[in-house]
Amino acid sequence: MAQDKQCSLLLEFASRFPLPHGARFSYGTAGFRSDGSILASTVFRAGILAALRSLKTSSTVGLMITASHNPVSDNGVKIADPDGGMMTQRWEPFADAIANAPDPEHLLQLVKDFVKEENIPFGGEQSAEVLLGRDTRPSGETLLKAAKHGINAIIGAVAVDMDILTTPQLHWMVRIKNKGMPASESDYLSQLSKSFSCLIDLVPKERVADCSDTKLVVDGANGVGGEKLEQLKKMLTGLDICVRNTGKKGEGVLNEGCGADFVQKEKITPSGFGPDDVGIRCASLDGDADRLVYFLISSSSSKNIDLIDGDKILSLFAVFIKEQFDILNNNSDSDNKLAVRIGIVQTAYANGASTSYLKQLGLEVVLTPTGVKFLHKEAAKYDIGIYFEANGHGTILFSESFLLSLEARSKELASTSSGSESHKAVLRLLAVSQLINQAVGDALSGLLLVEAVLQYKGWSIKRWNELYQDLPSRQLKVKVVDRNAVVTTNAETKVAKPLGLQELIDAETAKHPHGRCFVRPSGTEDIIRVYAEASTQEAADSLARSVVQLVDRFLGFPSSH
Ligand code: NG1
Ligand code: ZN
């Protein structure tokens, strides 16, 4: 009986969200992405998916409506698992299948088969909860309604609208809620501001004098991040933050000529910045504030910038964390040292100079395929895993068991040598674990950690940029008939298919000193990406261009030949 009611409810709701003719959706690197105007059926079905995920795990899950750094007309949807991370990859085939079900009957059949296979209580015996968030895109409001319908199509499931949020805020809320702790937006903001001020209080006194450089100008990409940063900055002391591209009426279009993706890919000043900002520390968030890059305008006569990307943010964090362990262990007896496994996780897009630098610090570096779900999973294998994509998405993960050891050490030091250098080092590490988002990369918490570490080191942005010098690189896109015709291996550094393409890429690469080049299908756009690196910008550009031609020859549209 309950099952019948459930089935007719699902059929009825599904008939309100028909699949657009000819559309195909795939749960890619960051969930479903497409033009916002054709996404209602997908978001409705993602609502069903989220409700089932919550039923399966008996926990709260999240559903975020965003297309991140993509144009304002795009939108997207992704699911956050109970730990705040991305939805398990094991469920992606089911996500794809329901997103493409041609009609309500097929959709219902897929759901019925899946709940049976996964042993999911279906028909109202159990309750489910989904937290909903969205960025500032105009299509978000309609899509939110579709998501609510999807959730409400599953009896027992409740949708909780958390309103406009950054992506990392929603992931944080899901994680914290499932830990049984207060998980509102104000809890998030106060955790960030408290742990930041704790780190600032622990800046060595002799370095405080070097910290006069407190001015920071932030490009909010005309998205949600600017507005949230305005809220956060009221709770902070010791930082003078000015937010531009806030997205307030008349200020500009989301991600257009601004934002972390623009700055990282184009390497020029975003709109709203100019000659008056020469020498000042600047940062850019992306449209949903899960990416962060810094930059420096070094001359008033050029639009070029010195980009300080995710790799350099990672390197700054790695230097800081390693230093805390050096302090702790250099001040401990040999039988009382705290053993730690620190892992650095990057993708093939990491600048080669960053990887060499990190290895030379004695750190263990691993590469994974693109997509934070891969990096996150790898980083979680360490006591402390630091992961970043070059584009500025990343965070630092502390394992639960290592956090317990740190807390125990902190208690011990508080009673034996409170205020000692070792004690301060442990307190800094604990504050970092509070400040940095443990669920996903978070531009706001990342920004506060960068600021705290720069103050700790007494470093200017220029000094930070000099940690190592990036190898010149170029990223290009190629439109092809079918991007899935490219299959890669070795963390995407080699092409397995089409046969013969890799050999030609190798031959091109060999022509350039320090050459490195790889191609892969994008998971978020219908294109092939080409990345090239070489000892000069001209060489990197020419290598990228030649490989674009190769890809086009193998896979491009016939008319373009
Ligand atoms: P795709 O389109 O799969 O390259 C892009 C980024 C990823 C990741 C996702 C999610 C590059 C080269 N790729 O993925 O790193 O951030 O978007 O937003 O920047
Ligand atoms: Zn984003």
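**View 1. The loop that holds P498, in a predicted model.** P498 sits in the loop that runs between β17 (494-497) and α18 (501-510). What is the form of the peptide bond from K497 to P498? That bond is cis, with omega near 0 degrees. As a rule, most peptide bonds are trans, which makes this spot a good place to pause.

**View 2. D163 and its backbone angle.** Here we stay with the backbone and move to strand β5 (residues 157-164), where D163 lies. D163 isn't a glycine, yet its phi is positive, at about 75 degrees. Most residues other than glycine have a negative phi.

**View 3. Ligand 1 and the residues around it.** There are 16 residues around ligand 1, and those that come nearest are E389, S522, G523, T524 and R529. Sorted by class, this shell has two nonpolar, eight polar and six charged residues. Now for the side chains that reach oxygen atoms of the ligand. S522 puts a polar side-chain atom 2.5 Å from an oxygen atom of ligand 1. For E389, a polar side-chain atom lies 2.8 Å from a ligand oxygen, and N391 likewise has a polar side-chain atom 2.8 Å from an oxygen atom of ligand 1. How much of the accessible area of ligand 1 does the protein cover? On its own the ligand has 430 Å² of accessible area, and the protein covers 93% of that.

**View 4. The second largest pocket.** This pocket holds about 920 Å³ of space. Its lining is made up of 35 residues, with S26, G28, R483, S522 and G523 closest to the centre. S522 and G523 should look familiar, as they are also among the residues that come nearest to ligand 1. Which elements give two or more residues to the lining? They are β1 (32-35), α3 (92-99), α13 (372-379), β16 (487-489) and β18 (516-521). β1 supplies the largest share, with four residues. By class, the lining counts 10 nonpolar, 12 polar and 13 charged residues.

**View 5. Four residues that UniProt lists under "binding site".** The record, an unreviewed entry, gives S68, D286, D288 and D290. In sequence these residues are spread over 223 residues, but in space they cluster, the largest C-alpha distance being 7.9 Å. Where does D288 fall in the fold? D288 is in the loop between β8 (281-285) and β9 (292-296).

Terms used:
Residues are numbered from 1 along each chain as its sequence is written. Chains are lettered from A and ligands numbered from 1 in the order in which they are written. This is a predicted model: local features need pLDDT of at least 70, side-chain atom pairs count only at pLDDT 80 or more; totals for chains, interfaces and linings use all residues. Side-chain values use heavy atoms; hydrogens and water are left out. A residue is near a molecule or strand if one of its heavy atoms lies within 4 Å of it. A polar contact is a pair of N or O atoms within 3.5 Å; within protein, one must be able to donate a hydrogen and the other to accept it, and residues adjacent in sequence count only if both atoms are side-chain atoms. Accessible areas come from the Shrake-Rupley method with a 1.4 Å probe; for residues, only the protein chains shown count as cover. Ala, Val, Leu, Ile, Met, Phe, Trp, Tyr, Cys and Pro count as nonpolar, Asp, Glu, Lys and Arg as charged, and the others, Gly among them, as polar. On a 1 Å grid over the protein atoms alone, a cavity is a set of points where a 1.4 Å probe fits but cannot get out, and a pocket is an open set with protein on both sides within 12 Å along at least five of seven lines; lining residues have an atom within 4 Å of a point. Grid points are joined across faces, edges and corners, and a volume is the space filled by probe spheres set on the points. UniProt positions are given in the numbering used here, feature names are shortened, and annotations may be inferred rather than shown by experiment.
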